[in-house]
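User: I am new to this structure and should like a close look at a single part of it, the surroundings of the ligand. Please describe that part and then place it among the elements around it.

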Amino acid sequence: MLLEVKNLRKDYKRATQQFSAVNNISFSMAQNDFISIMGKSGSGKTTLLNMIAGLLTPTQGKVTINGTNLFELDDKQVSAFRNQYLGYIPQGSSLLPNLTALENIRLPFSLTKRENQSSLNYALQLLEKAQISYLKDAYPANMSGGEMRRIAILRALICQPQLVIADEPTSDLDEESSAQIMALLADIHQQGTGLLIVTHDNDVAGYSQRTLKMSSGRLID
Ligand SMILES: Nc1ncnc2c1ncn2[C@@H]1O[C@H](COP(=O)(O)OP(=O)(O)OP(=O)(O)O)[C@@H](O)[C@H]1O
Ligand SMILES: [Mg+2]
């Protein structure tokens with residue numbers, strides 16, 4: 001299995017109330033599955049993705065990627081593991097404003113000090129494939145929302161991950177930009193990458209093989 005999520009729970013406290021933002025969720029994904037997650041605002045989707053990406057420690061439960069339990073690794077190991085296997089496209093804008101598109105895409109490489117010519121060539125290839133080579137030297141402030149989103153997707157691909165996780169990759173975009181983003185993601189899936197995306201959009205979910213529905217922290221049918 002590419003991904004196994006077992007009895008995952010995250011409790012938060014608000015004022016004096018404790019509640020489970022994610023409440024006992026289990027599912028799994030094979031290599032090259034494409035799964036979408038839908039649910040109302042506040043139903044726990046981002047919290048779930050953050051735990052799967054190893055960015056947030058669960059109150060209870062397990063996340064296993066390619067047989068490795070994320071929460072048995074220390075911080076440094078989780079970062080290295082994430083860099084090797086996972087591409088994460090966070091909700092909202094996530095580009096660094098003081099870096100160009102090309103520098104943003106290569107950032108995961110720069111961070112692990114593996115920066116080299118091949119990462120440059122691959123980044124340029126990705127830009128070309130996404131048909132946004134013209135953005136290479138542009139800064140995020142001078143890009144449209146859809147362009148920024150596409151650069152964030154390319155950044156998630158630079159380390160050639162087996163699993164790409166995207167949190168609302170088409171939110172706030174018009175139909176045409178959404179379609180461009182989904183074409184890019186569908187292409188990634190076509191090439192054998194597992195895809196897990198959160199979306200509010202039925203059309204976007206329509207690209208996936210299976211849709212999981214979340215309500216108040218739980219998976220429902
Ligand atoms: N750090 C935190 N501390 C306390 N409560 C939190 C924290 N992070 C999230 N929550 C709460 O957990 C619940 C789930 O939040 P989450 O961001 O996962 O929702 P979501 O489904 O992604 O919503 P949206 O569609 O608006 O992005 C919400 O009620 C939110 O207020
Ligand atoms: Mg969210």
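Analyst: The model shown here is predicted. What surrounds ligand 1? Its shell is made up of 15 residues, and the closest are Ser41, Gly42, Lys45, Thr46 and Thr47. By character, the residues of this shell divide into three nonpolar, eight polar and four charged.

Polar side-chain atoms approach oxygen atoms of the ligand at several points. For Lys45, a polar side-chain atom lies 2.7 Å from an oxygen atom of ligand 1. In the side chain of Thr46, an N or O atom is 2.8 Å from an oxygen atom of the ligand. Gln91 also takes part, with a polar side-chain atom 2.9 Å from a ligand oxygen atom. Taken alone, ligand 1 exposes 650 Å², and the protein buries 68% of that.

Which elements give two or more residues to this shell? They are strand E1 (3-14), strand E2 (17-29) and helix H1 (45-52). Helix H1 gives the most, with three residues.

These elements also belong together in the wider arrangement. Strands E2 and E1 are part of an open sheet of four strands, in the order E2-E1-E4-E5, with antiparallel pairing. E2 and strand E5 (68-69) stand at the edges of that sheet; each has a single partner strand, so one side of each is left without a neighbour in the sheet. Helix H1 lies across E1, E2 and E4 and runs at about 125° to E1. Further along this sheet, strand E4 (residues 60-65) pairs with E5 in the antiparallel sense over two bridges. There, Ile65 has Thr68 in E5 as its bridge partner.

A further sheet completes the description. This open sheet has six strands in the order E6-E7-E8-E3-E9-E10, and its pairing is mixed. Strand E6 (86-89) and strand E10 (218-220) form its edges, each with a single partner strand, so one side of each is left without a neighbour in the sheet. Neighbouring strands of the six-stranded sheet are turned by 25° against each other on average, direction ignored.

At the E6 edge, four bridges join E6 to strand E7 (residues 163-167), and the two run parallel. Tyr88 stands opposite Ile165 in E7. Two helices lie across E6 and E7: helix H2 (residues 75-85) runs at about 85° to E6, while helix H5 (residues 145-157) runs at about 165° to E6.

Methods
Residues numbered from 1 in each chain as written. Chains lettered and ligands numbered in written order. Predicted model: local features only at pLDDT ≥ 70, side-chain atom pairs only at ≥ 80, totals over all residues. Heavy atoms only, no water. Pairing = 2+ DSSP bridges. Axes fitted to C-alpha atoms, helices over the stretch in contact; angles between N-to-C directions. Contact = heavy atoms within 4.5 Å. Near = heavy atom within 4 Å. Polar contact = N/O pair within 3.5 Å; in protein donor to acceptor, adjacent residues only side chain to side chain. Areas by Shrake-Rupley, 256 points an atom, 1.4 Å probe, with all protein chains shown as cover. Nonpolar A, V, L, I, M, F, W, Y, C, P; charged D, E, K, R; others polar.
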